[in-house]
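Here is a short briefing to read alongside the model. Have the viewer open as you go.

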Amino acid sequence: HEFDVVILGATGFCGRLVCEYLSGCQLDGELSWAIAGRNRHKLNRIAGNVRGGVKPEIILADASDLTSLNRLARRCRVLVNLVGPYQTHSGYEIVKACVNAGTDYLDLSAETQFQRRIIDDFHGRAQTDKRRIVPACGFYSVPFDLSVMFANEHFANIGAGKIERADVVLRYTWPAAPLARV
């Protein structure tokens, strides 16, 4: 692979934060990385803001262009997908391109239906090929990860063993009546 990491959606809010973080790390050639998106002008601006270290390469790629996605996935070891919403912006096709290319994938999706679909369709192959597919790698997973960790610690402390599996159920409740306007 040409790059260790490619950030797809680098010009969005989260993409800019990830690029800022990477540029602040003292990597000095230890990590080859690139940024990808549709707009060269915006990508140039992001690359221009990198402080010290190695500037990222710029790759033009469009999440709605399957040829572009396949080509992109073949160029990196890890593809960080920050193009959401994932259910409607070819997230599935991006994961598929990564699995076909032998590329590890991660995103910060909070879309449980999208996550369920990619787990159902790609987990077996990724496991066989020793590839990682990591949805929800960010803020949205933190409450669930912490809840399971604290529950596991509690059960261990009371001598009840460890949790082998945790299923999380989300239920959104909306007010019965519309909120009053003030």
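How do the residues of the lining of the second largest pocket divide into nonpolar, polar and charged? They divide into six nonpolar, nine polar and three charged, where Ala, Val, Leu, Ile, Met, Phe, Trp, Tyr, Cys and Pro count as nonpolar, Asp, Glu, Lys and Arg as charged, and the others, Gly among them, as polar.

This is a predicted model, in which local features need pLDDT of at least 70 and side-chain atom pairs count only at pLDDT 80 or more, while totals for chains, interfaces and linings use all residues. Residues are numbered from 1 along each chain as its sequence is written, and side-chain values use heavy atoms, with hydrogens and water left out.

**Pocket**
- The second largest pocket (on a 1 Å grid over the protein atoms alone, an open set of points where a 1.4 Å probe fits, with protein on both sides within 12 Å along at least five of seven lines) has a volume of about 380 Å³, taken as the space filled by probe spheres set on the points, which are joined across faces, edges and corners.
- Its lining (residues with an atom within 4 Å of a point) has 18 residues, and G9, T11, G37, R38 and V83 are the closest to the centre.

**Nonpolar core**
- The largest nonpolar core (buried Ala, Val, Leu, Ile, Met, Phe, Trp, Tyr and Cys residues joined through side-chain atoms within 4.5 Å) has 40 residues, of which V6, I7, L8, W33, I35, L72 and L79 touch the most other members.
- V6 is in contact (heavy atoms within 4.5 Å) with residues including A34, I59 and V80, leaving aside neighbours within four places in sequence.

**D4**
- D4 counts as buried because its relative accessibility is 18%, and buried means under 20% relative accessible area (1.4 Å probe, protein chains only).
- Not counting residues up to four places away in sequence, D4 touches E30, L31, S32, R77 and V78.

Methods:
Buried < 20%, exposed > 50% of the residue type's maximum accessible area, 1.4 Å probe, protein only.
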